[in-house]
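This report describes selected features of the structure shown below, going from one overall fold to an interface and then to single residues.

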Amino acid sequence: MSLVKVENLNIQFDTDEGQLLALEDVNFTVNNGEILGIAGESGSGKTITAKSLMQLNDENTLYHPNSKILYQGENLLNYDELKMVPYRGKIFSMIFQEPMASFAPAIRIGDQMVEQLQIHENISVQEARERSIQVLTSVGIPDSATLIDQYSYEFSGGMRQRAMIAMALSTNPQLLIADEPTTALDVTIQAQIINLIKREVRERNMGVIFITHDLALLAQTAHRILIMYMGKIVESGTTYQVLTNPQHPYTQSLIESSPDINNFEKPLIPIPGEVPLLKDRPQGCVFQNRCKKIMGEACRTQKPLTVAHEDGHTVACHIYHE
Amino acid sequence: MSSFIEVRNLEVQYERGKKNIFEKTNSFNAVDNVNFDIQKGKIFGLVGESGSGKSTLGKALLAAKEYHRGSIHYHFQEGMINPNHLPKNLLKLFRSKVQLIFQDPYNSLSPRMTVRDIIAEPLESLGITSSKKETDDRVIEIAQKCQLNINHLNRFPHSFSGGQRQRISIARSLVAKPEFIVADESVAALDVSIQAGILQLLKNIQQEMGLTIMFISHDLSVVANFCDDVAVMYLGKIVELAPTKKLFTDPKHPYTKALFQSIPSIHPDTQTTLQTLEGEIPSIYQKPQGCVFQTRCPIVSSRCKVDQPSMKKHNKHQTACFYST
């Protein structure tokens, strides 16, 4: 069942250099019990997309009037700050990239968890504390009744990220947004954390948006994948479709540049150039200046339409227009 | 033929802060009885989790951290150098031959120096070039090699992207024409598409200049792709050491095996629950007696809790485990 539906999300940033397009016609849904992966390089708009669901983007963000973020038929973009409160930690919850920077260093972990629960639910301190201990235990923190009174710096990186997940899950969210949740962690801890997220998705039937630049991580976790480039979804489909039969030249190049542990002698092919700055957004296809399959006039002047390659697998590239 | 770098029974100690003034100073070995050789012109990979001592070992090789026991010997053409307690004149020579590429291209470049000055700094401080003209020529030569636009050399680092900054950082490390480079997590902060380009650049330059590289990384997929030999570290000890292909196709130590099983593969067909280790690497203060890996080892026995396994060698493949097969 569809949990959240994003329609025609267009975002501009109002800057000194003018209004710069950051997201262009982003459309997707997240279903219950599903992990939706969003991948792309730095600056591709992954985090902006996730933050717009909770409206956590900076104040200079302009949402296009036709943009919609639909939850149970309501467009969250019409909500004011007060009505957004439940979508910032209760119905939607977020795990941030840097577990060290996401906890307040001078407040005990338990107090931060209790505070969050009390904002979102009518609950006593005692109850909130008991629930927090329970969730900490369920994410694998040993002796959580004692450790709950520690500070975040007393935790190791892996434990801090577990506590972060516990905090995000303690309100029983419908949608969990995980922004690079394992990037700062060692592989063995990363494997523990993604196993934990997968287990929680199964048990709670919640939806997850999993943002990462690591396609291998999505191969092991996501049900469906969106590939983003310069604020546009250039390809989307099931994990199997996107990774085993990539259609967009960008997706193909990303896979060619990624190391593969099962085929470690394969040459890694870099993508030439870099993601352009927002102010240098190209006319026509956004990927044209790095594309190895560029065809000519159409790529430079016209925006490619998103077409279905097969059931559930879409791609936005001129190669597939007749 | 002897190896380019020989490391024997190396121990590097850190002192732990005292809790009060009456307490005895405690020291502990961040690198503990480590032995290995690096051959000229090879890329030596060093992997392990945070806290395993990889960077400390790298620092000892660079003479950036003193070691307390054992030896490091560099066999240069000019003769053998041991980087501990070098006199000033030799230290200068050593610094021109051994260089570091940092992890973070954002913090390792001074924001107030132009790219030209950043790259030229080793030449000037080591007194390698004698005139400004010579320095400029060397800077331009290395900048071109690192695929930097030489018309942009008068700009400041902030106007460059992460990938370009890492090229600047590499150019600075190579400008003095070193023979040995320690690359400590040098591609960790980059996107894969950019990372592949930096690795390619390093490999080309390495082959062209006959460089020897120690490549420190926590990313096993990159190490598997890039290195000739790989050492796996855990709590200050090397637990396994082998040529890359041998190590990745036939890992012997239970820690190496567990590490490999934790790496996600890009093939969705293999989507299963990742097999991984329980728990975390213990603090170096609480290093266990006996085998360092015993607290997380799936095949631990009573012997592992008492005796320390030593490195056993079998066809260039070394393992420190009583039960490695």
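The text below covers chain B and one of its sheets, then the contact between the chains, then some backbone angles. The model is a predicted one.

**Chain B as a whole**

Chain B contains nine helices and 12 strands. Its radius of gyration is 21 Å, close to the 20 Å that the globule rule gives for 325 residues, so chain B is as compact as a globular protein of that length. The C-alpha trace of chain B spans about 65 × 55 × 50 Å along its principal axes. Of the 325 residues in chain B, 45% count as buried. Contacts in chain B between residues at least 6 apart in sequence include 64% that join residues at least 24 apart.

**A four-stranded sheet in chain B**

In chain B, four strands form an open sheet with antiparallel pairing, in the order β2-β1-β4-β5. The edges are β2 (26-38) and β5 of chain B; each has a single partner strand, so one side of each is left without a neighbour in the sheet. From one strand to the next, the twist averages 30 degrees. Helix α1 (residues 54-61) of chain B packs on this sheet and touches β1, β2 and β4 of chain B, with its direction at about 70 degrees to that of β2(B).

Strand β1 (residues 5-16) of chain B pairs with strand β4 (residues 69-76) of chain B over five bridges, in the antiparallel sense. On its other pairing, β4(B) meets strand β5 (residues 79-81) of chain B over three bridges, also antiparallel. β4(B) and β5(B) make a hairpin, with two residues between them. Within these pairings, B:S71 of β4(B) is the bridge partner of B:R8. In β5(B), B:I81 is the bridge partner of B:Y74, and B:M80 is that of B:H75.

**The contact between chains A and B**

Which residues carry the contact between the two chains? In total, 38 residues of chain A are in contact with 34 residues of chain B. On the chain A side, the elements that give two or more residues are α8 (187-204), α9 (215-221), α10 (239-244) and α11 (249-257) of chain A. The most comes from α8(A), with eight residues. By class, the side of chain A that touches chain B has 19 nonpolar, 15 polar and four charged residues.

Helix α8(A) has 18 residues and reaches 25 Å from its first C-alpha to its last, close to the 26 Å expected at 1.5 Å a residue. Its buried residues include A:V187, A:T188, A:I189, A:I197 and A:V201.

**Positive phi values in chain A**

Most residues other than glycine have a negative phi. The table gives residues of chain A with a positive value.

| Residue | Phi | Place |
|---|---|---|
| A:D143 | near 50 degrees | loop between α5 (125-138) and α6 (144-147) of chain A |
| A:M230 | near 50 degrees | loop between β10 (224-229) and β11 (232-238) of chain A |
| A:N205 | near 55 degrees | follows α8(A) |

Is A:D143 buried or exposed? A:D143 is exposed, because its 9 other C-beta atoms within 10 Å fall under the limit of 12 or fewer. A:M230 is buried, because 25 other C-beta atoms lie within 10 Å, where 20 or more are needed.

Methods. Residues numbered from 1 in each chain as written. Chains lettered and ligands numbered in written order. Predicted model: local features only at pLDDT ≥ 70, side-chain atom pairs only at ≥ 80, totals over all residues. Contact = placed C-beta atoms within 7 Å. Nonpolar A, V, L, I, M, F, W, Y, C, P; charged D, E, K, R; others polar. Expected span 1.5 Å × (residues − 1). Rg over C-alpha atoms; globule rule 2.2 N^0.38 Å. Pairing = 2+ DSSP bridges. Axes fitted to C-alpha atoms, helices over the stretch in contact; angles between N-to-C directions.
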